[in-house]
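Subject: Structure handover

Hi,

Here is the structure I said I'd pass along, with my notes underneath. Have a look at it first, then read on.

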Amino acid sequence: MLSSEAYPASVKAVGCLCFQRKNIAFVSMKPIFILNGPNLNLIGEREPEVYGAGTLAGIEEGLRQQAAAAGLEIDFRQTNHEGVLVDWIQEARCASSALILNAGAYTHTSIAVMDALRALSIPIAEVHLSNIFKRESFRHHSYVSPAATGMICGFGAQSYRLALAAMIEILESASAASNRGLHA
Ligand code: DQA
């Protein structure tokens, strides 16, 4: 279970007013942003043989419970608009402790998304429901991967759960390290 009283020292957002210092305690853990790009609102109806029968709302509910069990909150959103996705990624600089991103087709096209991600200093997980490397060659290139901590694809809804588990572990380790520093 994560302590909500110490913010991981490694989580810094230089250039905005929310940067953290090791000696600031009692700061609540910010939510993990889980952002979804275009057409992901249609999963469950759209190409179920590729993306599965589950809905985005179903995925969100499972992730909310998974995060709550670790004492964390998620902020789960979907947009069909590239600029909105860029705005949310920028918001994540100060408002989130980690980012999980399924950028949908913008994964393969958006330098703007990549540039926004490069401005973050929080852990970033790239996720895809489908195994993009088993699909058309235009899906093999990702503008998200160079800016991500890691990438999980091909496990359907489980891709999100695995990404959230990884982010929780990273934040727990950072929080424990920060607490050790505070009490040294
Ligand atoms: C996707 C894979 C992308 O190539 C595609 O454009 C999507 C969904 C996935 O989750 O498998 O919209 O990101």
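**Loop after E1**

Glutamate 47 sits in the loop that links E1 and H1. Keep in mind throughout that this is a predicted model. The phi of glutamate 47 is positive, about 35°, even though the residue is not a glycine. Is it buried, exposed or partly exposed? Glutamate 47 has a relative accessible area of 36%, so it counts as partly exposed.

Asparagine 39 belongs to that loop between E1 and helix H1 (48-51) too. Here phi is near 70°, again a positive value in a residue other than glycine. With 34% relative accessibility, asparagine 39 is partly exposed. If you check backbone torsions, you could add glycine 71, which follows H2 and has a positive phi near 80°.

**The sheet**

Now for the strands. Five of them make up an open sheet, ordered E2-E1-E3-E4-E5, with parallel pairing. E2 and strand E5 (150-153) are the edge strands, each pairing on one side only. From one strand to the next, the twist averages 15°. As general background, strands of a sheet pair through backbone hydrogen bonds, in either a parallel or an antiparallel way.

Strand E1 (residues 32-36) is the one I looked at in detail. It is mostly covered, with five of its five residues buried. Ile32, Ile34 and Asn36 point one way, while Phe33 and Leu35 point the other way.

What does E1 pair with on each side?

- Strand E2 (residues 74-78) pairs with E1 in the parallel sense, over five bridges. Leucine 35 has arginine 77 as its bridge partner in E2.
- Strand E3 (residues 98-102) also runs parallel to E1 and is joined to it by five bridges. Isoleucine 34 has isoleucine 100 as its bridge partner in E3.

**Helix H2**

Helix H2 (residues 56-69) passes a simple length check: at 1.5 Å a residue, its 14 residues should span 20 Å, and the end C-alpha atoms are indeed 20 Å apart.

Which residues of H2 are buried? They are Leu56, Ile59, Leu63 and Ala67. Because these cover an arc of only 65° around the axis, they lie on the same side of H2. The general rule behind such a pattern is that an α-helix has 3.6 residues a turn, so residues three or four places apart point the same way. Ala57, Gln65 and Ala69 are exposed on the other side of H2.

What do the buried residues of H2 pack against? Their partners are E1, E2 and H5. To take one residue, isoleucine 59 touches Ile43, Phe76, Leu129, Ala157 and Tyr160, leaving out residues up to four places away in sequence.

**Isoleucine 168 in H5**

Isoleucine 168 lies in helix H5 (residues 157-182). Its relative accessible area is 9%, so isoleucine 168 counts as buried. Beyond its neighbours within four places in sequence, isoleucine 168 is in contact with Gln66, Ala67, Ala70 and Leu72. One of these partners is far off in sequence: isoleucine 168 and alanine 70 are 98 residues apart along the chain, yet their C-alpha atoms are separated by 7.4 Å.

**Nonpolar cores**

The largest nonpolar core has 25 residues. Within it, Ile32, Ile34, Ile59, Leu63, Ile100 and Tyr160 have the most contacts. E1, H2, E2, E3, strand E4 (124-128) and H5 are the elements that give two or more residues to this core. Which element gives the most? That is H5, with six residues.

Another core, of 20 residues, lies apart from it and includes Leu85, Ala92, Leu101 and Ala147. In general terms, nonpolar side chains tend to be buried together in soluble globular proteins.

Cheers

Definitions and conventions. Residues numbered from 1 in each chain as written. Heavy atoms only, no water. Buried < 20%, exposed > 50% of the residue type's maximum accessible area, 1.4 Å probe, protein only. Helix = DSSP H or I, 4+ residues; strand = E, 2+ residues; numbered from the N terminus. Pairing = 2+ DSSP bridges. Contact = heavy atoms within 4.5 Å. Expected span 1.5 Å × (residues − 1). Arc of directions from axis to C-beta. Axes fitted to C-alpha atoms, helices over the stretch in contact; angles between N-to-C directions. Core = buried A, V, L, I, M, F, W, Y, C linked by side-chain atoms within 4.5 Å.
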